[in-house]
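The points below are offered as a colleague's note for your review. They take up the pairing of strands between chains, the protein interface and the surroundings of the DNA.

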Number of protein chains: 2
Amino acid sequence: MSSEERKKTRVTLLDVARHANVSRATASLVLRKSPLVGSETRMRVEEAMRDLGYVYNIGAARLRVERSQIIGAIVPNLTNPFFAELLSGIEEIIGATGKVVILAKSGDRVEQQEMLLRRMREHGVDGVILCPAAHTESTLSEQITAWDMPVVQVLRHISFDMDYVGADYATGMRQAVDYLASLGHERIAFAVHGPVHSAYQERVDGFRDAMLSRGLDPSILIRFPTQLGEIAKATHLLFDRAIRPTAVICFNHLVALGLSAGLQDCGLTIGRDLSLIGFDDVADAEAIRPRLTSVSTGPVAIGEMAARLLVERIADPALPPRRLVNDTTLHIRQSCGRPN
Amino acid sequence: MSSEERKKTRVTLLDVARHANVSRATASLVLRKSPLVGSETRMRVEEAMRDLGYVYNIGAARLRVERSQIIGAIVPNLTNPFFAELLSGIEEIIGATGKVVILAKSGDRVEQQEMLLRRMREHGVDGVILCPAAHTESTLSEQITAWDMPVVQVLRHISFDMDYVGADYATGMRQAVDYLASLGHERIAFAVHGPVHSAYQERVDGFRDAMLSRGLDPSILIRFPTQLGEIAKATHLLFDRAIRPTAVICFNHLVALGLSAGLQDCGLTIGRDLSLIGFDDVADAEAIRPRLTSVSTGPVAIGEMAARLLVERIADPALPPRRLVNDTTLHIRQSCGRPN
DNA sequence: GAAACATTTTAGATCGATCTAAGTGACGTG
DNA sequence: CACGTCACTTAGATCGATCTAAAATGTTTC
């Protein structure tokens, strides 16, 4: 009993081998489904594994072979459903390839992100899917290549030397602007918030380009607070300017939800008094009434694409860097009408 | 150059030791901040680490010492913001202790969950935070103790032999029922959905008890579809019965969002024509108008509690199993009024 | 100057897998 | 019957850390 208890040691491949009357090497071959072992032997070993309740020790294997079967995912934030959906896509694909994903949030803080990258290297991850924290220096990319660690950037990019998967923000913006323009809107505001990063810049640029190409004034950029509750309270910012917009495009789903609530709080009717277009269309946004016309960027699909890209990158590190942008779709619902 | 290239081997502790003119053992002691090494030596070694860009290899260390610094988290689903917030709490605490979390979703499928548990064992996780898939057999708990793997159950429980952290669903239900009753409601429905599990049962039981103790009919249980969009479309189920409820308590935030949307689609005014109480109050629910009166269960806090419990459990596996329930709070907002 | 002691340092075994290179038999062939 | 082939099987080194037990060094004491 006491000797049983002290012998808390896990079942090892050697135990299996002994139990099956073969060598450690043969047992290892069975484990890796090598065609070299005879079928009778194979069966005996597999039975031994079952009998002893053997569990493969990836950590030990990894020491020899250069593959940990772990990949990392670093996102700014998890409470934002947009990133949660992204992660869901990542986990789906990575899990299907038999790997496992280590999750971490940077809080959009560069030092935290640095710490996480180091921690992941310590764990010997095979690669990382990184949504770079705002204000990440582009030199990070050089460090990463120096470490030769496969990395795919998602949603935001800091360098052209690494793979990137994101949404086609420019087209999304154009879809939104075109639609509003087609309804007759001319004074269109872009309601932004959060830190500046590539995706922010692309949306702002996309907005500007789309507006200019229609001959409209692209300068109505209004900056809102970070938190959902605060955004709703700050709705008045829309009306504080000399030129009052007749339509608003929202930076992301948080701004969309916030303004949708805030406008109703002001007693305004969305779609009649003011047109509103959302961005990023996460699942919960379906529940907003009036239904939000919105540009959908497909976070789950982006996560899946990023995961696939990373897997390919790990398989062949020599591949030239690729950039994938997911198409956006304008879902026309009820939050837009003609200007008045 | 070519010899440099082929020497792609990572910097090891032995390299550091040689560079600092000490033995591997000493370098290892420095790494672990042992007080045994002289300060001059320590500095020399630390400098060598910096010079060579040494990265600790946790995997190798783990082979000797029984600690992988990895914990697992298994949830049914990630696109549901409730679980995302839970995860955020978990990551926060685990990350702060220097560990790392492996994330996986079971899709509420028992076989998938089994596969994930095995995979995590293969990775040698120090423990797992598990939200058991619906229909998980309680025998799983025996297996887990046989593996002697520290596990904390969250939100749902299948066994009293393992730690558990959840919300105080019974009290939450009582708060909701009491509040509605105090407004004069007598025909209160409970709108449920999803698979049956302990948390489901606790809510249903809580509802029944609370209703009975007020002398009210506890039998108005209405079952809704799984998807948000479907729920809204199924709103009519509320009115299909002989006795028409004047108030509805929602099983979770999905049902709350769905019905909130569905009722507005029916042209009803929430709070006047029908009172609605939400459950689980996730961040995005703030954007619903009229503002949803809701029982908040605090997923982030639950995640944090679970993580702390797991850390303690890992430190002392002999601890008796504990059960923690997080208090619920009724947030009174605008979705309830007197019956008419 | 030897013994006793404290302070640092180290050689070598070890964890649990994989990989290389070599070793068995059994069988067919010239 | 020696030899090459084929189909398996295996001993032993190896990955990069930790740990034990012992050695080297310096200090004090008698």
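1. Two strands are taken to pair if DSSP finds at least two bridges between them. In this predicted model, β2(A) and strand β2 of chain B, residues 100–105, are joined by three bridges and run antiparallel. Within this pairing, A:I102 stands opposite B:I102 in β2(B).

2. The contact between the two protein chains draws on 56 residues from chain A and 56 residues from chain B. Together, chain A and chain B bury about 4,700 Å² between them. Of that buried area, 57% is on carbon and sulfur atoms.

3. Polar and charged pairs also cross this interface. Between chain A and chain B the rule identifies eight salt bridges. One salt bridge is formed by A:R289 with B:D265, whose closest N and O atoms are 2.7 Å apart. In addition, 16 residue pairs are in polar contact across the interface of chain A and chain B, with both residues at pLDDT 80 or more.

4. Which elements of chain A give two or more residues to the side that touches chain B? They are α5, α6 (81–96), β2 (100–105), α7 (110–122), α11 (228–233) and α12 (253–265). The most comes from α6(A), which gives eight residues to that side. Classified by residue type, the side of chain A that touches chain B comprises 25 nonpolar, 13 polar and 18 charged residues.

5. Turning to the nucleic acid, DNA strand C is surrounded by 28 residues, the closest being A:L13, A:S28, A:R32, A:Y54 and B:T41. By class, the surface near DNA strand C has 15 nonpolar, seven polar and six charged residues. Of the strand C atoms within 4 Å of the protein, 66% belong to sugar or phosphate, and the rest to bases.

6. Individual atom pairs reach both the phosphate and the bases. A:R32, one of the closest residues to DNA strand C, places a polar side-chain atom 2.5 Å from a phosphate oxygen of that strand. A polar backbone atom of A:A60 is 3.1 Å from a base nitrogen of DNA strand C. From chain B, a polar side-chain atom of B:R64 lies 3.1 Å from a base oxygen of DNA strand C. The elements that give two or more residues to the surface near DNA strand C are α3 (24–31) and α5 (58–64) of chain A, together with α3 (24–31) and α5 (58–64) of chain B.

Conventions
Residues are numbered from 1 along each chain as its sequence is written. Chains are lettered from A and ligands numbered from 1 in the order in which they are written. This is a predicted model: local features need pLDDT of at least 70, side-chain atom pairs count only at pLDDT 80 or more; totals for chains, interfaces and linings use all residues. Side-chain values use heavy atoms; hydrogens and water are left out. A residue is near a molecule or strand if one of its heavy atoms lies within 4 Å of it. A polar contact is a pair of N or O atoms within 3.5 Å; within protein, one must be able to donate a hydrogen and the other to accept it, and residues adjacent in sequence count only if both atoms are side-chain atoms. Helices (H or I, at least four residues) and strands (E, at least two) are DSSP runs, numbered from the N terminus. Ala, Val, Leu, Ile, Met, Phe, Trp, Tyr, Cys and Pro count as nonpolar, Asp, Glu, Lys and Arg as charged, and the others, Gly among them, as polar. Contact means heavy atoms within 4.5 Å. Buried area is the accessible area (1.4 Å probe) that two parts lose on being put together, summed over both. A salt bridge is a side-chain nitrogen of Lys or Arg within 4 Å of a carboxyl oxygen of Asp or Glu.
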